[in-house]
Amino acid sequence: MALITDSTADIGVAESVALGALVVPLTLEVDGVVYSDPGSLVRPGLPVMTSEVLRARMLAGALPRTSLGTVQDFTRHYEAALCAADRVLCLPVASTLSGTFASAVQAAQIFGDRVRVVDTLAVSVALGAAVRQARAWLDAGRELEAVAGALARYGEGVFLRLVPRDLRWLIAGG
């Protein structure tokens, strides 16, 4: 069983490899240039923006804008995952926070029942935790639909507290 998430899950490259999870990189625009988040299959032609470089650019006054993962991004990742597995469980960012979820669902339709997309209603460390839990349950022999059902709305049981030093980045990002 292949696992797919997106870069909002805050799972690094080494951990994604250890989990056997592909990470769909979202994009961000900084000073008119579009960059890819780090991920498994970076969108062709886009430079990768690391967190260190992004932080430095923001401190210098840049106002980054994020963009959703596209249907094409998810399709490429589903195709890659299905080369090594019969089925895919995809856990993208919450549908209530991004159009990325809709892109994941639309791309999954191409593959029929081979791809299952679950709305965990989670983001960031909560989404990463859902991916880790999915891998643990799948490795323990739980069926895909049981894992999908258990992780649906997972984020509702997670409380994240964010205390930014400066609200301008949240305001600028919408």
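Where is Ser-124 found? Ser-124 sits in helix α5, and that helix is a good thread to follow through this predicted model. Ser-124 has a phi near 60°, a positive value in a residue other than glycine. With a relative accessibility of 21%, Ser-124 counts as partly exposed, because buried would mean under 20%. Step back a little along the chain and you meet Leu-121, in the loop between β7 (115–117) and α5 (124–139). Leu-121 also isn't a glycine, and its phi is positive too, at about 60°. If you like checking backbone angles yourself, those are two spots to click on.

Now let's follow α5 into the interior. The largest nonpolar core has 19 residues. Leu-3, Leu-89, Leu-91, Val-131, Ala-134 and Leu-151 are the ones with the most contacts inside this core. Three elements, β6 (88–91), α5 and α6 (144–151), each supply at least two of the core's residues. Which element gives the most to this core? That would be α5, with six residues. There is also a second, separate core of 18 residues, and its members include Ile-4, Val-24, Tyr-78 and Val-88.

Leu-151 is a handy place to see how the pieces around the first core meet. Leaving aside residues up to four places away in sequence, Leu-151 touches Leu-91, Val-118, Asp-119 and Thr-120, among others. Its list of contacts also includes Ala-130, Gln-133, Ala-134 and Trp-137.

That brings us to how the helices pack. As a rule, two packed helices are described by the angle between their axes and the distance between the axes. For α5 and α6, the angle is about 150° and the axes are 10 Å apart. Why call them roughly antiparallel? The label applies because an angle over 145 degrees counts as roughly antiparallel, and α5 and α6 are therefore put in that class. The way α5 passes α6 is a right-handed crossing. From the α5 side, the contact is made by Ala-130, Gln-133, Ala-134, Trp-137 and Leu-138. From α6 come Leu-144, Val-147, Ala-150 and Leu-151. Sort the residues of this contact by class and you get eight nonpolar, one polar and no charged.

A second helix pair is worth a look: α3 (residues 71–82) and α4 (residues 100–108). Here the packing angle is about 50° and the axes are 8 Å apart. These two helices are therefore oblique to each other, and their crossing is right-handed. On the α3 side, Val-71, Phe-74, Thr-75 and Tyr-78 make the contact. On the α4 side, the partners are Thr-100, Ser-103, Ala-104, Gln-106, Ala-107 and Ala-108. By class, the contact of α3 with α4 has six nonpolar, four polar and no charged residues.

Let's zoom in on Thr-75, which lies in helix α3. Is Thr-75 buried or exposed? Thr-75 is buried, with a relative accessible area of 14%. Not counting residues up to four places away in sequence, Thr-75 touches Ala-107, Ile-110 and Phe-111. For a sense of distance, Thr-75 and Val-123 are 48 residues apart in sequence, and their C-alpha atoms are 21 Å apart in space.

Pick up Phe-111 from that list. Phe-111 lies in the loop between α4 and β7, and at 16% relative accessibility it counts as buried. Apart from residues up to four places away in sequence, Phe-111 touches Thr-75, Tyr-78, Glu-79 and Leu-82. Phe-111 and Arg-132 are 21 residues apart along the chain, with 24 Å between their C-alpha atoms.

One last stop in helix α3 is His-77. His-77 is buried, with a relative accessible area of 0%. What does His-77 touch, not counting residues up to four places away in sequence? The contacts of His-77 are Ile-4, Leu-22, Val-23, Val-24, Pro-25, Ser-40 and Leu-41. Two of these names, Ile-4 and Val-24, came up earlier as members of the second core. Finally, His-77 and Cys-90 are 13 residues apart in sequence and 10.0 Å apart in space, C-alpha to C-alpha.

Conventions: Residues are numbered from 1 along each chain as its sequence is written. This is a predicted model: local features need pLDDT of at least 70, side-chain atom pairs count only at pLDDT 80 or more; totals for chains, interfaces and linings use all residues. Side-chain values use heavy atoms; hydrogens and water are left out. Helices (H or I, at least four residues) and strands (E, at least two) are DSSP runs, numbered from the N terminus. Buried means under 20% relative accessible area, exposed over 50%, partly exposed in between (1.4 Å probe, protein chains only). A nonpolar core is a set of buried Ala, Val, Leu, Ile, Met, Phe, Trp, Tyr and Cys residues joined through side-chain atoms within 4.5 Å. Contact means heavy atoms within 4.5 Å. Axes are lines fitted to C-alpha atoms, for helices over the stretch in contact, and angles run from 0 to 180 degrees between N-to-C directions. Angles under 35 degrees count as roughly parallel, over 145 as roughly antiparallel, 65 to 115 as roughly perpendicular and the rest as oblique. A crossing is left-handed if the near helix is turned anticlockwise from the far one by less than a right angle, and right-handed if clockwise. Ala, Val, Leu, Ile, Met, Phe, Trp, Tyr, Cys and Pro count as nonpolar, Asp, Glu, Lys and Arg as charged, and the others, Gly among them, as polar.
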